[in-house]
Amino acid sequence: MTRQPHDQFAKEYLEELLTSLGKVETSKDVKSEVREIDVWFVPTTSSSSESSELGLLAKMAVTSCLFEPYRNAPNEVEIRSCLLKLYSVHGDLFRQAKREKRFISEAELPCLWILTPTCSEKILDGFGAKATEEWGKGVYFLPGLLKAAIVAINQLPITEDTLWLRVLGKGKTQTQAVEELVKLSAENDKKNYLLEILASWRKNIEVKDHVSDEERELIMSLSPAYLKQREEWRQEGLQEGRQEGRQEGRQEGRQEGRQEGRQEGRQEGRQEGRQEGLRLIVVSLLTARFGNLDEELSAIVTPIMELSLTERTELLLQLSNLSREELLARFRVD
C-alpha cells in the first residue's frame, strides 16, 4: 500500500487536533531539495483544557516540532530522510536569525516526532533510541542533541491520553482506538469532524480499482467510524425532514396533510443527507489528488456530483491518472 492515502488522512487528522494549540502547516516545502514536511507545528496557546484533552499529543506539541506519520514502519533510509528534513529546517532558522542579527537558542529549534505503527529493536538500537521514565513505554528518544524521537504506536499504553495517537496506528491497535473514538461523548468538539476524516479515508480506499488484503483490513478497522458518521448524516436528514413535515402539516391543518408532509419531508431530508455525504467524498478525493482545492477545482465539485452513478464512479476511479488540466477540460472550466 502506498503512503499517499494515509498521508492525506494523517495530515488532516493532526491538523484538526493541533489547530487549537498553535499554527499548523501541512506539506511544508524544505528549500534544500524537493522535500516536504508532513506536518509543521508552532505552538501559540497554553490552554490547559486543550492540553488535557489531547493527552500525550499535546505533551509532544509543547514546542515547535515536525510530525512525520507513517502507515508502515519506516526503514533506516526513511528515518535518515526525516532527520535530514529536520536539520534543513534548523539551517533555515539559523540563516534567518543571522539575517535578522539575532541569536537563536537550542530550545528554539524544533524537534522531530516520527510516528510509526511499529518499530523493531534493530531500528531502535541502530539509532540509539531509548525510552524514558517521564514519557513511558512506546516513546523512544534519539541521543539528546539530535532532537528527535520515534513513537512506536502499538507499544503505547491503552489509555485516554494516548487515544489520539493510537488512531494513527495499524491493525488491532487502530481498530480499538477507532472504536474508542466512536464511543466518545457527542459533546466532544473534535469527535464529529475526526469521524468525517476517517469516513472519507475509508471511502478513498473503497473506490480504488484494486484493493489489497491490507486495505481490506483497513476498511474493516475504519468501518465503525464510517457507519457512525453515516448514521449521523442520516439522522440529520431525518430531523430536517420531520421539521419540514410538521411545518407543512400544520399549515395544511389536516391529518392527511401532516402525514403527507412528514413523508415528503423525510424523503427530502434523507436526500439532503446523502448529497452532503457525497459532497464530502468528492471534495476528499479531489483534495487527496490535487491538494487544497482552489476556485477552479471547487467549481467542478457540483458537476461531478450531478453525473450519473456509473459516470461518477468511473471518473473517481480514473482520478489518480488524470492531470489537473484534463479534469478541468472535461468540465469545460476555463
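Me: In this predicted model, a salt bridge is a side-chain nitrogen of Lys or Arg within 4 Å of a carboxyl oxygen of Asp or Glu. What makes the contact of Lys23 with Glu25 a salt bridge?

Reply: The closest N and O atoms of Lys23 and Glu25 are 3.9 Å apart. The cut-off is within 4 Å, so the pair qualifies.

Me: Why is Glu25 called partly exposed?

Reply: Glu25 has a relative accessibility of 27%. Buried means under 20% and exposed over 50%, so a value in between is called partly exposed.

Me: What makes Asp92 and Arg95 a salt bridge, and where do the two residues lie?

Reply: Their side chains meet with an N to O distance of 2.5 Å, which satisfies the limit of 4 Å. Both residues belong to helix α3 (residues 76-99), and because they are three residues apart, about one helical turn separates them. Asp92 is partly exposed at 26%, and Arg95 is partly exposed at 47%.

Me: How do you know whether Arg166 is buried or exposed?

Reply: The relative accessible area of Arg166 is 2%. Buried means under 20%, so Arg166 is buried.

Me: Which residue pairs with Arg166 in a salt bridge, and what does the pair tie together?

Reply: The partner is Glu180, at 2.9 Å from N to O. Arg166 lies in helix α5 (residues 163-166) and Glu180 in helix α6 (residues 171-182), so the salt bridge ties together parts 14 residues apart in sequence. Glu180 is partly exposed, at 24% relative accessibility.

Me: Why are Asp294, Glu296 and Arg324 called one network?

Reply: They are joined by salt bridges that share partners.

Methods:
Residues numbered from 1 in each chain as written. Predicted model: local features only at pLDDT ≥ 70, side-chain atom pairs only at ≥ 80, totals over all residues. Heavy atoms only, no water. Buried < 20%, exposed > 50% of the residue type's maximum accessible area, 1.4 Å probe, protein only. Helix = DSSP H or I, 4+ residues; strand = E, 2+ residues; numbered from the N terminus.
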